[in-house]
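Biologist: Could you take me through this model and tell me what stands behind each label you use? I will keep asking for the reasons.

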Amino acid sequence: MKDLIVGIVALAIGVAAGYMINDKGTQVASLEEENAGLKSQLATSSSAPAAKTGGQTIANVKKKGFVQCGVSQGVPGFSNPDASDNWTGIDVDVCRAVAAAVLGDSTKVKFSPLTAKERFTALQSGEIDILSRNTTWTATRDSALGVNFAGVNYYDGQGFMVRKSLGVKGAMDLAGAAVCTNLGTTTELNVADFFRANNMEYKLVAFEKADEVVAAYDAGRCDVYTTDQSALAAQRIKLSSPDDHMVLPEVISKEPLGPVVRHGDDQWLDVVKWSLYAMLNAEEMGITKTNIGTMMNSDNPSILRFVGKEGDVGKNLGLSADWSANIIKQVGNYGESFERNVGPNTAIKLTRGVNANWKDGGLMYGMPGR
Amino acid sequence: MAEEVIQSQKPSKPLVWNDPTYRALFFQVLVLGGVVSLGYVLISNTLTNLERQGIASGFGFLKGTAGFSILMTLIDYSEEDSYFWAFIVSLLNTLLVAGIGIFFATILGFFIGVCRLSSNWMLSKIAAVYIETLRNIPLLLQIFFWYFGVLRGLPSPGNSINVFDTYFLNIRGLYSPSPIFEDGFSLILWALITGFVATFFISRWARKRQQETGQQFPTFLSSISLVIGLPLIASVVAGFPLSWEYPVLRGFNFTGGFVVIPELVALSLALSLYTASFIAEIVRAGILAISRGQTEASYALGLQAWPTLRLVVIPQALRVIIPPLTNQYLNLTKNSSLAAAIAYPDLVLVFAGTILMQTGQAVEIIAITMGVYLAISLMISAFMNWYNKKMALVES
């Protein structure tokens, strides 16, 4: 009986103390928000989760001197490390562009390879500053996960890859097939919808890592490998004999892929968004890595605005005046990034298609930089 | 003088903060209060921050429509079912692979442990090599070895290994006929149950009689004939109300029949072979813990090697074996979560993978997953503790 009373008293004291501490905790936290220096110290001490980020990310990034970028574990052309751990790809270029805009140096990026399953948690917890990992923009992700999509850097759609020897002509011939894919992706749902809508039987084998999907498909565990068409093109070069496989013509979904940032830091969202638009606008205006030097002395007002000679977009974003010039100087415009990483002259051999600039009839449209 | 001091101190009661009882109480209250407040701060902080970042929270998501398919289901499941149902399906898959793993690991572990102690040089060396190899290679590598190494060598569905047009083995799994129950099948089921119940009572009666009179009864033969014979007679009476659905190659894959997927095979193989190597060592230690005198006494009474092992050594060794064996069962169950690496749809892959991804409710889902593993582990421990108590030496 005495023990019980002691327990109840302790419980009451505990809850009361917890309530008080927590109250103080919130006060401390709001003070902290004003004290950017302390806050960034916290963030740099490795794992301290940046819970509240009202305009904090840009200060953090400047303080620590690099952008922490969440990427895939290896999708050639999108985000892929070479033997000496240099990352390349169009997703990587988005992070490099942000680093060039904020820090003036596109090499100041650190990469965190993430599985599809880990990616949003890493962003929510403040482990990374940008998630640029061929991530599809969907309503659920935008609303329920506490993240914001900063734009689209590749318009994709889900497709199917099969062995040529199967003699399959199109996706409607796939009834009864075993399908390999990545766990925790929109792909998993799209393929379920597709087969259900067409009343076809199928068996879905979902792996956590892309390399395991490729290995299992290559071994013949599945008849079909399904994911975004761009990733199919990229992963095909990892197969033992890429020429024995083909991508079916059907595209069964819309997959707009783009960089993602945390909710609640609008300034950082703007920086990432406009870094991407800068790459699109540069292509539209014909500003490239090679001619940016001469463009600095152009007499076209919109180009002068772009390179920071006129207007104060840079200042409003909290960046230097030459932020967009730095992006083009060090990373190049969107078209250059595309050609270098996934274009027809690379192993991945993707054509521009809908990803052409809007002037060429594509969907890549940068908002006016005025 | 000294006596005086003691006398003068004794009657005065110590002050409250010097009284050991109150002191102890005070610190207990302080510690418990601290733990509770820490928990409170953690939980309310998490909730506040989730809300501030606009991340959905709560358990309502379990009612949502799953929308994805699961490779292997023990119960009916379709894309229209809820996340909760998908959770149950994946939980059953985890329990299945843990059950299979524990069953085979125990049998194999006991066998190898006994072999390790065999006087046959060859046998004991083979067992030693088995143990030293398998327990020293990381489990994940072994899973990959079986899945990507061994099972990869199986043929494609078109070139399946065909056993009498009934069983088909290929890289997509082992296909076997599945039974179709027709009217009157319940009669066979009842006959089977009757057989088991009768066997139970007969063996009890036979043991009692043997203890009282020393007469033996052919329990094994009678049980076999009861368990097999009764259903057989019942099926003749009911006119064989059972037919088989055979797997047929249609399009890409076999349809119909019953399939054991390679992911399940690879995972069960790796788990049981790996854990068996640890169980073998536990069994060896248990047997060696029984003094040599027990065996010698048994031989002196005229018992042969096998009955000596079965009736004298192992019952005593079990007391040493059970507690560490429980640890291995718990390890195996928790290790089954490596299933995610080879696409076996277990709790971690489906619930803490796909569902976590689709709903984004990491905190709730990881909490549920941890709770489930904790509950399974506690249940295994409870059962093993009960068994341990039953096997314990009763000193009279």
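Modeller: The secondary structure of chain A comes to 15 helices and 14 strands. Here helices (H or I, at least four residues) and strands (E, at least two) are DSSP runs, numbered from the N terminus. This is a predicted model, in which local features need pLDDT of at least 70 and side-chain atom pairs count only at pLDDT 80 or more, while totals for chains, interfaces and linings use all residues. Residues are numbered from 1 along each chain as its sequence is written, and chains are lettered from A and ligands numbered from 1 in the order in which they are written.

Biologist: What share of chain A is made up of buried residues, and what makes a residue buried?

Modeller: A residue is buried if 20 or more other C-beta atoms lie within 10 Å of its own, exposed if 12 or fewer, and partly exposed in between, with C-beta atoms placed from the backbone. Buried residues make up 50% of the 370 residues in chain A.

Biologist: Why is helix α9 of chain A called mostly covered?

Modeller: Eight of the eight residues of α9(A), which spans 229-236, are buried. They include Gln229(A), Leu232(A) and Arg236(A). Among the elements that cover them are β7 (154-156), β8, α8, β11 and β12 of chain A; a contact here means that two C-beta atoms, placed from the backbone, lie within 7 Å.

Biologist: Some of those strands must belong to a sheet. What is the strand order, and what makes a strand an edge strand?

Modeller: The order is β10-β9-β11-β8-β12 in chain A, an open sheet of five strands with mixed pairing. Two strands pair if DSSP finds at least two bridges between them. The edge strands are β10 (202-207) and β12 (245-247) of chain A, as each pairs on one side only. Neighbouring strands of this sheet are turned by 25° against each other on average, direction ignored.

Biologist: How do you know that β8 and β12 of chain A pair?

Modeller: Three bridges join β8(A) (residues 158-163) to β12(A), against the two or more that pairing needs. The two strands run antiparallel, and Val162(A) stands opposite Met246(A).

Biologist: Which strands does helix α8 of chain A lie across?

Modeller: Helix α8(A) (residues 210-219) lies across β9 (177-182), β10 and β11 (224-228) of chain A, and runs at about 160° to β9(A).

Biologist: Why is α4 of chain A called roughly perpendicular to α10 of chain A?

Modeller: Helix α4(A) (residues 90-103) and helix α10(A) (residues 266-285) pack at an angle of about 105°, with their axes 9 Å apart. Axes are lines fitted to C-alpha atoms, for helices over the stretch in contact, and angles run from 0 to 180 degrees between N-to-C directions. Angles under 35 degrees count as roughly parallel, over 145 as roughly antiparallel, 65 to 115 as roughly perpendicular and the rest as oblique. The angle therefore makes α4(A) roughly perpendicular to α10(A). Residues of the contact include Val94(A) and Ala97(A) of α4(A) and Leu276(A) and Met279(A) of α10(A).

Biologist: How does that contact divide by class?

Modeller: The contact of α4(A) with α10(A) has nine nonpolar, one polar and no charged residues. Ala, Val, Leu, Ile, Met, Phe, Trp, Tyr, Cys and Pro count as nonpolar, Asp, Glu, Lys and Arg as charged, and the others, Gly among them, as polar.

Biologist: And what makes α9 and α10 of chain B roughly antiparallel?

Modeller: Helix α9(B) (residues 292-300) and helix α10(B) (residues 305-335) pack at about 155°, with their axes 10 Å apart. That is over the 145 limit, so α9(B) and α10(B) are roughly antiparallel to each other. Their contact includes Tyr299(B) of α9(B) and Val312(B) of α10(B), and its residues divide into three nonpolar, five polar and no charged.

Biologist: How many residues does each chain give to the contact between the chains?

Modeller: Chain A gives 48 residues and chain B gives 42. The largest share of the side of chain A that touches chain B, 14 residues, comes from α1(A).

Biologist: Last one: why does Asn199 of chain A count as exposed, and Lys349 of chain A as partly exposed?

Modeller: Asn199(A) counts as exposed because it has 7 C-beta neighbours inside 10 Å, while Lys349(A) counts as partly exposed because it has 14. Asn199(A) lies in the loop between α7 and β10 of chain A, and Lys349(A) in the segment after α15 (334-341) of chain A. Phi of Asn199(A) is near 55°, a positive value in a residue other than glycine.
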